[in-house]
Structure formats: structure tokens, C-alpha cells
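Colleague: I'm new to this one. Can you put it up and walk me through it?

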Amino acid sequence: IRLAGQPPKSTVSVNSTHVIVVAGNFSAATGDVFLEASSGAQSVKTNGWQYLALGVITNVQPDNGQLNTKVTLTGTSLLGGGSSASSVTLAGVAATVSSASATKVVVVAAASSAKSGNVVIISITGA
């Protein structure tokens, strides 16, 4: 299996009609999807896959808060090619997504003890 010339990070499942893989972390590129069966049979979908640039959060405003604080995340490619965010965590604590676009995600902070940490956006694509 190759996606735009690169191997997948992992293969989730394979049967006679479906192959499910997790894409690896590679530079933005477009290319063929290539499958080769154990029998040697090959299948190619020309230009069937596009690796997108990784999302980058450039600003978190405000960068601290408490229960019900509205937090705006801005950046690029925040939804990993998807149409919405499936989850957002602030310092490891799930936040409620109010709105989401490729350049801006607005969330509401949940209750938590005081701590600091990473901000993570997971798109419906899994990115």
C-alpha cells in the first residue's frame, strides 16, 4: 500500500472490498493510491491521495481561564481537510466546540484544576 508514494503509518483492516489505513506524517503532496494483493494483483487510483500540510495553531486567546471561558484558536489547516473538529483539549481537558473553520476554532473551557499544557484539535478526519 502506498499513498502518494509513501507507506501508511498502519493498516487498520483489509478485506476483499475495503482497505483502511492510517496515513503517515509526510510533506504535502498529491499522488497515486497503490495497492498490491498477496497474489501480486495491483490496483492504482491515479492522483487518488493528497497529503495536506499539518495544521498549525498560531494563537490561543485568552491563553488561560476557568470554567466557561470562551477560547479562540487561530491558525492554518486547523481541521486537517475536514469540515469540523471532533474534539479539542485544553491542557488535556476536553472543551466544548462552539464553531470551527480551517483558520479559527472557538471552544468553551470545562471545569478543571489549575494546570498548563498543550492545545490539541482533532478533526473529523482524524487529523
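**A first walk through the model**

Modeller: Let's start with one residue. Asn47 counts as exposed, with a relative accessibility of 53%, because the cut-off for exposed is over 50%.

Colleague: Where does Asn47 sit?

Modeller: Asn47 is in strand 5, which covers residues 42-51. Its phi is positive, about 50 degrees, although Asn47 is not a glycine.

Colleague: Why point that out?

Modeller: Most residues other than glycine have a negative phi.

Colleague: Which other residue has a positive phi without being a glycine?

Modeller: Ala91 has one, at about 55 degrees. Ala91 lies in the loop between strand 8 (85-90) and strand 9.

Colleague: Is Ala91 buried or exposed?

Modeller: Buried. Its relative accessible area is 17%, and buried means under 20%.

Colleague: Let's step back. Is this a predicted model?

Modeller: What you see is a predicted model, yes.

Colleague: How many helices and strands are there in the chain?

Modeller: Zero helices and eleven strands. Read from the N terminus, the elements go β-β-β-β-β-β-β-β-β-β-β. The chain is more spread out than a compact globule, because its radius of gyration is 18 Å, well over the 14 Å that the globule rule gives for 127 residues.

Colleague: What box do the C-alpha atoms fill?

Modeller: Roughly 60 × 25 × 20 Å, along the principal axes.

Colleague: And how much of the chain is buried?

Modeller: Of the 127 residues, 20% count as buried. The chain exposes about 8100 Å². Carbon and sulfur atoms supply 51% of that area.

Colleague: What share of the contacts links residues 24 or more positions apart?

Modeller: Such pairs make up 47% of the contacts with a separation of 6 or more.

Colleague: Now the sheet. What is the strand order in the open sheet of six strands?

Modeller: The order is 6-7-10-9-8-11, and the pairing is antiparallel. Strand 6 (56-61) and strand 11 (119-123) are the edge strands, each pairing on one side only. From one strand to the next, the twist averages 30 degrees.

Colleague: Give me one pair inside that sheet.

Modeller: Take strand 9 (residues 93-100) and strand 10 (residues 104-108). They pair in the antiparallel sense over four bridges. Val97 has Val107 in strand 10 as its bridge partner.

Colleague: How do side chains point along a strand?

Modeller: In a regular strand they alternate between the two faces of the sheet.

Colleague: What about strand 2 and strand 3?

Modeller: Those two form a hairpin, with four residues between them. Strand 2 (residues 10-14) and strand 3 (residues 19-22) are antiparallel and share four bridges. Ser10 is bridged to Val22 in strand 3.

Colleague: Back to edge strand 11. Which residue there should I click on?

Modeller: Try Ser123, in strand 11. Ser123 counts as buried, at 1% relative accessibility.

Colleague: What lies around Ser123?

Modeller: Beyond its neighbours within four places in sequence, Ser123 is in contact with Leu79, Gly80, Gly82, Ser84, Ala85 and Ser86. With Leu79 there is also a polar pair. A polar atom of the Ser123 side chain lies 2.5 Å from the backbone oxygen of Leu79.

Colleague: Changing topic. Where is the cis peptide bond?

Modeller: Between Gln61 and Pro62, with omega at about -5 degrees. Most peptide bonds are trans. Pro62 is in the loop between strand 6 and strand 7 (70-76).

Colleague: What touches Pro62 from that loop?

Modeller: Thr69 does. Thr69 belongs to the loop between strand 6 and strand 7. Not counting residues up to four places away in sequence, Thr69 also touches Asn64, Val107, Val108 and Ala109.

Colleague: Is Thr69 buried or exposed?

Modeller: Thr69 counts as buried, at 17% relative accessibility. You met Val107 earlier, as the bridge partner of Val97.

Colleague: One last residue. What about Leu54?

Modeller: Leu54 lies in the loop between strand 5 and strand 6. At 58% relative accessibility, Leu54 counts as exposed.

Colleague: What is Leu54 in contact with?

Modeller: Asn25 and Ser77, leaving aside neighbours within four places in sequence.

Colleague: And how far apart are Leu54 and Ala94?

Modeller: They are 40 residues apart in sequence. In space they are 21 Å apart, C-alpha to C-alpha.

Notes: Residues numbered from 1 in each chain as written. Predicted model: local features only at pLDDT ≥ 70, side-chain atom pairs only at ≥ 80, totals over all residues. Heavy atoms only, no water. Rg over C-alpha atoms; globule rule 2.2 N^0.38 Å. Buried < 20%, exposed > 50% of the residue type's maximum accessible area, 1.4 Å probe, protein only. Contact = heavy atoms within 4.5 Å. Areas by Shrake-Rupley, 256 points an atom, 1.4 Å probe, with all protein chains shown as cover. Pairing = 2+ DSSP bridges. Axes fitted to C-alpha atoms, helices over the stretch in contact; angles between N-to-C directions. Polar contact = N/O pair within 3.5 Å; in protein donor to acceptor, adjacent residues only side chain to side chain.
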